[in-house]
Amino acid sequence: MNKERADELAMFRTALEIADLHPNEISLPEDHQLIVGAMRFHYLDWGGSGTPILFLHGGGLNAHTWDCVAVMLREGYRCIALDQRGHGDSEWSPVLDYRFIAHAGDIEGFIEATRLERPILVGQSMGGLNSLAYATRHSDQMRAMVIVDVSPEVSSSGAERIRAFTATPELDSPEAFLERAVKFNPLRDPAVLRRSLYYNLRQTPVGKWTFKHDQRLRSDEGMRSFSEARVRLASELSSIRCPTLVVRGALSDILTDDAAEKFARSLPDGRWVRVEKSGHNVQGDNPRALLDAMLAFFREAGIS
């Protein structure tokens, strides 16, 4: 094992210890690239041969946000995490197309190319909305869905706070980003935040550091289009027939209890749960409790 891979594994061990998670085996996933349509996508394959789970990260994040959850679930499920367009190590859209319908098309093509038969979709924030967009047309081909801390109706103040952080300009070092990240999310251990940034930063040709995701999608026009698309998505929720769990981080400023309950009621087969000691990024703040909630839901839905 080379030094970089050994360092990654050491950081992962630390993150799992902090989360009080103890998988039978601690190892890193396989990295793969795949062409869907005319775009190149990167994804993490955790292996396993059970029911497939496709994990979809939030805006400004990447597939590694699910590492602590996926390593625990892979013993009973086939776990794959996708870097969505414009994020992580996947390609940016050359025409700035980050609409729900574009993401849903990516998910459709990816599931077909990887032959994931009737998968469970687990999506947080942006990934949750993209999961919903896919499910409005394909819920009959899904076993279930888990939507983490998002709904078509979200708090504008909380969303603006996240946009401000993920639009951070170039800084001199990863340590400068870590300082900002600790202030943004004091719930998270700095060692866990450092690991998250390891996968979410890139160095520019002039030596500065910046986030990997395409920040051009943060334009005023893009935000207006996004708001209009959320309204349309809300009108299509009744077509989603698969069992769906809505997860709310108890300390989230994006999704309230009332909004989570209303959202779950709007789904033909929905229910919701609150995860304590977590904000918007539940999978990072309290992965152990999220796992408990997901596994209880899977048992209730009869999914093994």
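Which residues does methionine 72 touch, not counting residues up to four places away in sequence? Keep that question in mind as you read these notes; point 2 comes back to it.

1. A word on the model and the whole chain. What you see above is a predicted model. Its secondary structure comes to 11 helices and 10 strands. The radius of gyration is 18 Å, close to the 19 Å that the globule rule gives for 304 residues, so the chain is as compact as a globular protein of that length. If you turn the C-alpha trace along its principal axes, the spans are about 50 × 45 × 40 Å.

2. Methionine 72 and its contacts. Let us return to the opening question. Methionine 72 touches Leu21, His22, Pro23 and Leu291, leaving aside residues up to four places away in sequence. You will find methionine 72 in helix H2, which covers residues 67–73. With a relative accessible area of 25%, methionine 72 is partly exposed. Try following the chain from asparagine 24 to methionine 72: the two are 48 residues apart along it, yet 8.3 Å separates their C-alpha atoms.

3. Inside and outside. Of the 304 residues, 55% count as buried. The area that the chain exposes is about 13,600 Å², and carbon and sulfur atoms supply 49% of that area. Contacts across the sequence are worth a look too: taking those with a separation of 6 or more, 71% are between residues 24 or more positions apart.

4. Charges. The chain has 36 positive and 42 negative charges. The mean positions of these two groups are 2 Å apart.

5. Arginine 195, a charged residue to look up. Is arginine 195 buried or exposed? Its relative accessibility is 6%, so arginine 195 counts as buried, the cut-off being under 20%. Its place is in helix H7, residues 190–200. Beyond residues up to four places away in sequence, arginine 195 touches Met11, Phe12, Ala15, His64 and Asp67. Aspartate 45 is not on that list of contacts; its C-alpha atom is 19 Å from that of arginine 195, and the two residues are 150 apart along the chain.

6. Cysteines and disulfides. A disulfide is a covalent bond between the sulfur atoms of two cysteines. How many disulfides does the structure hold? The number is 0. Cysteine 68 is in no disulfide, and the nearest cysteine sulfur, that of cysteine 79, is 13 Å away. Seen from the other side, the closest cysteine sulfur to that of cysteine 79 is in cysteine 68, and 13 Å is too far for a bond, because a disulfide needs the sulfur atoms within 2.5 Å. Cysteine 68 counts as buried at 11% relative accessibility, and cysteine 79 counts as buried at 0%.

7. Two aspartates with positive phi. Most residues other than glycine have a negative phi. Aspartate 20 has a positive phi, near 60°, and aspartate 149 has a positive phi of about 55°. Aspartate 20 lies in the loop between helix H1 (3–18) and strand E1 (30–36), whereas aspartate 149 sits in the loop between strand E6 (144–148) and helix H5 (156–166). Their surroundings can be set side by side: aspartate 20 is partly exposed, with a relative accessible area of 39%, while aspartate 149 is buried, with a relative accessible area of 0%.

How values were computed
Residues are numbered from 1 along each chain as its sequence is written. This is a predicted model: local features need pLDDT of at least 70, side-chain atom pairs count only at pLDDT 80 or more; totals for chains, interfaces and linings use all residues. Side-chain values use heavy atoms; hydrogens and water are left out. Buried means under 20% relative accessible area, exposed over 50%, partly exposed in between (1.4 Å probe, protein chains only). Helices (H or I, at least four residues) and strands (E, at least two) are DSSP runs, numbered from the N terminus. Contact means heavy atoms within 4.5 Å. The radius of gyration is taken over C-alpha atoms; the globule rule is 2.2 Å times the number of residues to the power 0.38. Accessible areas come from the Shrake-Rupley method with a 1.4 Å probe; for residues, only the protein chains shown count as cover. Lys and Arg count as positive and Asp and Glu as negative; His and the chain ends are not counted. The place of a charge is taken as NZ of Lys, CZ of Arg, CG of Asp or CD of Glu.
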